[in-house]
Amino acid sequence: MAKLYFKYGAMGSSKSAQALITKFNYEELGMTVWLIKPSIDTRDGADLIRSRIGLSCRAEVIAPGQDIKAAYHTAGKHDVIIADEAQFFTPAQIDQLRDLVDEEDLPVLCFGLRTDFQTHFFPGAQRLMELADSLTEIKTVCACGRKATVNARIDGAGRIVTEGSQVLLGGNDRYVAMCHKCWKDRIRAEREQA
């Protein structure tokens, strides 16, 4: 019986690497994988998924208004769907992935962030938390050694950013994974210095 999986973690927790390794594992068994990503994620190129450790692969790009079920049927039958940066899909698209699990008996593995730089759910991630059969946290650590849960946005001077649009693409130049305590302490310290 197929399931909808959501594997989430903070920035730098190897989500994309795990998505690509999972793709390799399915293909090594002779199965076909439909690898997808949302069009908003253009950091490494429109149709490229790239991990920080150097793994990369082309993926089909899904636009916000696109029907994922229709795109799947156009792409042809596959044994599994793997979605990277799934937090950027719309809630309706997450519902469509859920439908593919239920109607096609097709496993769907979604990898992505749970929350933004202000610790608020991304809409796609929230819907995944509501609908997924399996939730798995991919852990990473804060510089203090605690589990990192916050995607701290930083500016060019390395200061924590607490306001702005929910989506700002970037990697280590824009985000630091931190535990909640260090995040709050650093915001407080930076405000006191200002």
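1. A residue is called buried when its relative accessible area is under 20%, exposed when that area is over 50%, and partly exposed in between. The structure discussed here is a predicted model. Lys184 has a relative accessible area of 40% and is therefore partly exposed. Lys184 belongs to helix α5, which covers residues 180-193. Its C-alpha atom is separated by 12 Å from that of Thr149, although the two residues are 35 apart along the chain.

2. Helix α2 spans residues 68-75, and its buried residues are Ile68, Ala71 and Tyr72. Viewed down the axis of α2, these buried residues fall within an arc of 100°, so they line one face of the helix. The spacing can be understood from the geometry of helices: an α-helix has 3.6 residues a turn, so residues three or four places apart point the same way. The partners against which the buried residues of α2 pack are the strands β2 (33-38), β5 (60-62) and β6 (80-83), together with helix α3 (91-104).

3. The two ends of α2 also deserve attention. At the N-terminal end, Asp67 acts as a cap, with a side-chain oxygen 2.8 Å from the backbone nitrogen of Lys69. Just after the helix comes Gly76, which takes a positive phi of about 95°.

4. Which residues touch the most other members of the largest nonpolar core? They are Trp34, Ile36, Ile81, Phe89, Leu97 and Cys110, in a core of 31 residues. At least two residues of this core come from each of β1 (4-8), β2, α2, β6, α3, β7 (108-112) and α4 (123-131). Helix α3 gives the most, with 4 residues.

5. Leu97 illustrates the contacts of this region. Leaving aside residues up to four places away in sequence, Leu97 touches Ile36, Ile68, Ile81, Val108 and Cys110. A second core, separate from the one above, has 12 residues, among them Ala10, Ala148, Cys179 and Ile187.

6. An open sheet of 3 strands follows the order β10-β9-β11, and its pairing is antiparallel. Strands β10 (160-161) and β11 (175-178) stand at the edges with a single partner strand each, so one side of each has no neighbour in the sheet. As background, strands of a sheet pair through backbone hydrogen bonds, either parallel or antiparallel. Strand β9 (residues 150-154) is joined to β10 by 2 bridges, and these two strands run antiparallel. Within β10, Val161 is the residue that stands opposite Arg153.

Notes. Residues numbered from 1 in each chain as written. Predicted model: local features only at pLDDT ≥ 70, side-chain atom pairs only at ≥ 80, totals over all residues. Heavy atoms only, no water. Buried < 20%, exposed > 50% of the residue type's maximum accessible area, 1.4 Å probe, protein only. Arc of directions from axis to C-beta. Contact = heavy atoms within 4.5 Å. Polar contact = N/O pair within 3.5 Å; in protein donor to acceptor, adjacent residues only side chain to side chain. Pairing = 2+ DSSP bridges. Core = buried A, V, L, I, M, F, W, Y, C linked by side-chain atoms within 4.5 Å.
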